[in-house]
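This report examines a single protein chain, moving from model confidence to the interior, the cysteines and the charged pairs. The sequence and structure are shown first.

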Amino acid sequence: MTYDQGKSSKYAFQRYCCPQHAMLILGARMAIGAGEAPPDGPQPSFREGPDPNLTSFAYGSDALTRDLYEIASRDQWIVVRNATVLPMTNGSALPGHDILVQNSSIKAVQPTGRSLPAGALHIDGAARYAIPGLTNIHQHPPLRHVTAMFAGMMGGGVTADDITLPYDLMMFQYLAAGVTRIQVMAGSPEDLANRDAIRKGNYRGPHMRIGSPVIDSPAAIWSSAITWYANDAEGGRIAAQKILERGYDFAKPYTMLGREAYFALAAECKALGVEMMGHIPASVTPDEAFLAGQSGVAHCFEYFYHGRGEQRFHRDVIANRVRLSKEHGVTLQTTLEIARVYEYDCGVIPAKEMDFSGTLDPVIRHVMREDSPFIQSWRANPVLMAGGENIFDYSTQICQALHAEGVRLLPGTDMSGSSITGNGSSHHEFQVLVDRGVMSPIEVLRAATVHSAEYQGEGAVAGTIEPGRRSDLVLLDADPTKDIKNTTKIDTVILGDAILRREARERGLARLKARYDAMPVPHA
C-alpha cells in the first residue's frame, strides 16, 4: 500500500486527522492566524508543548452539582430492589433480584424476598434492568485548554472562559449518560488535575485513564496545548520516559510522527511496560506498527486511511492486518461515530441524518451546521474529500472483520461529551455497531462494560455486577439486550456511594442546558 511520508502541504494539517480534530485545528488557526510553525533552526530531539500551569477551572468544587447526588454514609447500605440484573458475566439475566451495596462495593446479588439490611437507601428496580456503568473509550473532555482552540471561531470578544463549563458540571454530563468510565485520548496537566480532583472527592465524575499528549513531529497537526514533539530516536525515547514521570497511563503516537522517532518510542515503551494506544503515523504501515508493539488503535479507519486509489482498501492487505491484530493482541477503539461524521462533512450523509440538535454544546452545533465555514471549507478541499471516500463503509468492514477474528473492540466516539443520548453519543455508537451488523446488543454491552474494564486493568474490580465489584451501576427502564436503543432510557445511575436518581438527573440536565445556552455562541 502506498503511504504519504508526511510531506508538507497547505492541507497537511487537515489531511491527517479526524473531523473532531480538524474542527479544533481550524479554530486554533482562526484564533492565532497561520498556526504554530516549528521553531526556527535545528529542532531539539524532544519538546513539551502543554502549559504546566493549571487554569482556575482545575481548582473548582462541586458547587453546581452537589445537590444532585444522594450520598450513602459510611457503612450505610444501598439496595436496588427487584430488578432484572444483567451481570455481564457468562451467566444469563437474573430477573427479580436485589443488589446490595455498601461502601462503594457490591456485597450481594440475591433473589428478591430475602432479608435486607436496616437503614438502607432503597432504589425501586421493579420492571427495570440493572447493568454495569458504561464506558466511552475515546474521549476528549473540553477542558479550558481545549476550549481555547475554539474561542477564535465564536467572534470577537469571546474568550475560552466564556465557553468552558465548570468541571463538576462537565463531568456530570458523562454520569447523566450512564457513562462511569472514560479514556482520555490526548492528555495534559489539566486532564491529570481533573482526574486528581475527582479522586480526591472535590466533585464527582467518571473513572478515567489518561493518555500522554499526542506525540508528533515538529511539523505537528495540533497546537502545543496537547502535543509533545519528538524529532528523532532520542526524542521518541524521552517521550516514553516522560509518560511515567508525568503520571500518564499510555503513549499516544500521532499522525505526523517520523519513522525514527516512532520506532524508538515503541522500543522504549516496550522496555518500560508502557502501552501504545493511538494513531498509526503516516510514516509507518499498520503492519509495522503491530510488529513494533503498538497494541492499541484509536480509529477503525487507521487500517486504511493513508492509502489512495486501488490500494486504499486492498482485500489481501486488510486480511493480513486483521490477522496480525489477532496475533499481537491489538485492541481497537471503534469510533464509527466519527467515521459517520467524516462522511457528513463530505456531504455523503445528508444533514437530516446527522442531526446535532441533541448535542448540548452550542460550539459543536455552531461549527457542524451545514452552512458553517468549517463544513464549506471541508467540502472545497479535494484532499479531505478523497480521504472520506467510503470511510464509513470501510470502517464498518474493518470492525466486522476484526470482531469475527476475535480481536477486542471497545466502543468510543471521539465526539463531545455533551452528546448525552443522540448523534455523537456513546449510545449512538452502540446503535451503529448493532445496526451495521458488527455486534449483537449483548456483545456491545459486554464490550462497553466488562471488556473495557479488563482492557483498563480493572477486570477484578469493575465491569460486572457481582460481589466484590465496584458499585458503578445504571438502572434502565427497558431491556437493552432486546433493543440497544434502550441504553438511553436511564432511570438511575449509581457511582460508588452516590446515587443520581431520575428527578435529580433531569434537574441536572436542565441546569447543564441552561449553562450551555448562555454561552456567547452565534447561530447555535
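What pLDDT does the chain average, and what percentage of the residues score at least 70? The model is predicted, and its chain averages a pLDDT of 91, with 92% of the residues scoring at least 70. Two stretches fall well outside that confidence range. Over residues 1-17 the pLDDT is below 50, although this stretch has 51 contacts in the model beyond near neighbours in sequence. Residues 23-35 likewise stay under 50 in pLDDT, and the model gives them 26 contacts beyond four places in sequence.

**The interior and helix α4**

The largest nonpolar core has 124 residues. Those with the most contacts inside this core are Ile163, Phe172, Ile215, Tyr303, Phe304 and Met368. Helix α4 supplies the largest share of the core, namely 8 residues. A second, separate core has 16 residues, among them Val101, Ala130, Ile465 and Ile499.

Why can helix α4 be described as largely enclosed by the rest of the structure? The helix spans residues 167-176, and 10 of its 10 residues are buried, so the rest of the structure largely encloses it. The buried set includes the aromatic residues Tyr167, Phe172 and Tyr174, together with Asp168 and Gln173. Also buried in α4 are Leu169, Met170, Met171, Leu175 and Ala176.

Phe172 illustrates how this helix meets remote parts of the chain. Leaving aside residues up to four places away in sequence, Phe172 touches Thr65, Leu68 and Tyr69, and also Leu500, Arg505, Gly508, Leu509 and Leu512. After α4 comes Gly178, whose phi is positive, near 80°.

**Cysteines**

How many disulfides does the structure contain? The count comes to 0. For Cys300, the closest cysteine sulfur is that of Cys399, at 4.2 Å, which is too far for a bond; the cut-off applied is 2.5 Å between sulfur atoms. Cys300 is buried, with 0% relative accessibility. Cys346 is buried as well, at a relative accessible area of 9%.

**Salt bridges**

The structure holds 32 salt bridges. Three of them are set out below.

| Salt bridge | N to O distance |
|---|---|
| Glu275 and Arg209 | 2.9 Å |
| Lys242 and Glu245 | 3.7 Å |
| Glu327 and Arg323 | 2.7 Å |

What does the salt bridge between Glu275 and Arg209 tie together? Glu275 belongs to strand β13 (residues 275-278) and Arg209 to strand β10 (residues 207-216), so this pair ties together parts that are 66 residues apart in sequence. Both Glu275 and Arg209 are buried.

The other two pairs each lie within one helix. Lys242 and Glu245 are 3 residues apart in helix α6 (residues 233-246), and are therefore separated by about one helical turn. Is each partner of this pair buried or exposed? Lys242 is buried, with a relative accessible area of 18%, whereas Glu245 is exposed at 53% relative accessibility. Both residues also take part in a network of salt bridges that links Glu48, Lys242, Glu245 and Arg246.

In helix α9 (residues 315-327), Glu327 and Arg323 are 4 residues apart, which means that about one helical turn separates them. Arg323 counts as partly exposed, at 36% relative accessibility.

Technical notes. Residues are numbered from 1 along each chain as its sequence is written. This is a predicted model: local features need pLDDT of at least 70, side-chain atom pairs count only at pLDDT 80 or more; totals for chains, interfaces and linings use all residues. Side-chain values use heavy atoms; hydrogens and water are left out. pLDDT is the predictor's confidence in each residue, from 0 to 100. Contact means heavy atoms within 4.5 Å. Buried means under 20% relative accessible area, exposed over 50%, partly exposed in between (1.4 Å probe, protein chains only). A nonpolar core is a set of buried Ala, Val, Leu, Ile, Met, Phe, Trp, Tyr and Cys residues joined through side-chain atoms within 4.5 Å. A salt bridge is a side-chain nitrogen of Lys or Arg within 4 Å of a carboxyl oxygen of Asp or Glu.
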